[in-house]
Amino acid sequence: MTQWLCARRLAAGLSAVCLWSTPGANAADQYLFDVLKNKTYLSSWNTLIASQPDAPDWLKAYGKTKNGPATPAEPVTAGGKTYEVGMVCKTHACGGNRFFVTFVDRGRKAYGLLLQGEQRSFYGSPEPDVSEALKKAAN
């Protein structure tokens with residue numbers, strides 16, 4: 001959803017989660033490395049990752065290098081809201097090392113779900129709707 005459309009929906013009182021949008025681009029066409037070029041999103045990413053002392057090194061490095069296998073953002077509906085969820089994984093070990101992330105409040109807050117083997121770890125203490133969206137994206 002473009003920023004203009006998102007702003008119109010909010011002004012009309014309609015539910016909208018404004019994520020990943022840059023003028024002229026569809027959210028589903030954007031990769032995490034593109035989104036992190038925006039300083040607001042990058043700051044939220046850095047805060048999220050720094051809040052996890054046990055975050056893996058590859059994930060810590062991603063915010064700096066923006067280098068790693070990623071997929072375009074996908075819309076996921078949970079709790080009546082649509083969240084754009086992106087995914088990045090560890091290079092050469094993607095299957096057991098994936099991180100799903102969504103941004104809310106126009107990029108001011110990020111939430112994530114790290115999958116390492118059979119372990120699941122939520123980042124950012126997401127509310128139930130957000131954690132549901134992240135889990136849906138991971139399945």
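**Entry 1: Aspartate 57 and its surroundings**

I opened with aspartate 57, which is exposed at a relative accessible area of 62%. A reminder to myself before going on: this is a predicted model. I found aspartate 57 in helix H4. Next I looked up how far lysine 90 lies from aspartate 57. The two are 33 residues apart in sequence, and their C-alpha atoms are 9.5 Å apart in space.

**Entry 2: Helix H3 against helix H4**

Since I was already in H4, I turned to its packing with H3. How do the axes of H3 and H4 cross? Helix H3 covers residues 39-50 and helix H4 covers residues 57-65; their axes come within 10 Å and cross at roughly 160°. Angles over 145 degrees count as roughly antiparallel, so H3 is roughly antiparallel to H4. I noted the crossing of H3 past H4 as left-handed.

Which residues make the contact? On the H3 side I listed Leu42, Trp45, Asn46 and Ile49. On the H4 side I listed Leu59, Lys60, Tyr62 and Gly63. Sorting the residues of this contact by type gave me five nonpolar, two polar and one charged.

**Entry 3: The disulfide**

How many disulfides does the structure hold? I found one. Cysteine 89 and cysteine 94 form it, with their sulfur atoms 1.6 Å apart. I then checked the handedness: the torsion about the S-S bond is about -85°, so this disulfide is left-handed.

Are the two cysteines buried or exposed? Cysteine 89 is buried, with a relative accessible area of 2%. Cysteine 94 has 27% relative accessibility and counts as partly exposed.

**Entry 4: Asparagine 97**

From the disulfide I moved along to asparagine 97, which is found in strand E3, residues 97-104. Asparagine 97 has a relative accessible area of 15%. Buried means under 20%, so asparagine 97 is buried.

What does asparagine 97 touch, leaving aside its neighbours within four places in sequence? I wrote down Trp58, Val88, Cys89, Lys90, Leu115 and Gln116. Two of these names were already in my notes: Cys89 is a partner in the disulfide, and Lys90 is the residue I had paired with aspartate 57.

**Entry 5: Glutamine 30**

Where does glutamine 30 lie? I placed glutamine 30 in the loop between helix H1 (3-11) and helix H2 (32-35). Despite that loop setting, I have glutamine 30 down as buried, at 7% relative accessibility. I also looked up alanine 73: it is 43 residues from glutamine 30 along the chain, yet the two C-alpha atoms are separated by 5.9 Å.

**Entry 6: Two positive phi values**

Last, I looked at backbone torsions. Most residues other than glycine have a negative phi, so I gave the exceptions their own entry.

Lysine 66 has a phi near 55°, a positive value in a residue other than glycine. Lysine 66 lies in the loop between H4 and strand E1 (70-78). With a relative accessible area of 23%, lysine 66 is partly exposed.

Histidine 92 also has a positive phi, of about 65°, although it is not a glycine. I located histidine 92 in the loop between strand E2 (81-89) and E3. Is histidine 92 buried or exposed? At 82% relative accessibility, histidine 92 counts as exposed.

Conventions
Residues numbered from 1 in each chain as written. Predicted model: local features only at pLDDT ≥ 70, side-chain atom pairs only at ≥ 80, totals over all residues. Heavy atoms only, no water. Axes fitted to C-alpha atoms, helices over the stretch in contact; angles between N-to-C directions. Helix = DSSP H or I, 4+ residues; strand = E, 2+ residues; numbered from the N terminus. Parallel < 35°, antiparallel > 145°, perpendicular 65-115°, else oblique. Left-handed = near helix turned anticlockwise from the far one by under 90°. Contact = heavy atoms within 4.5 Å. Nonpolar A, V, L, I, M, F, W, Y, C, P; charged D, E, K, R; others polar. Disulfide = S-S within 2.5 Å. Buried < 20%, exposed > 50% of the residue type's maximum accessible area, 1.4 Å probe, protein only.
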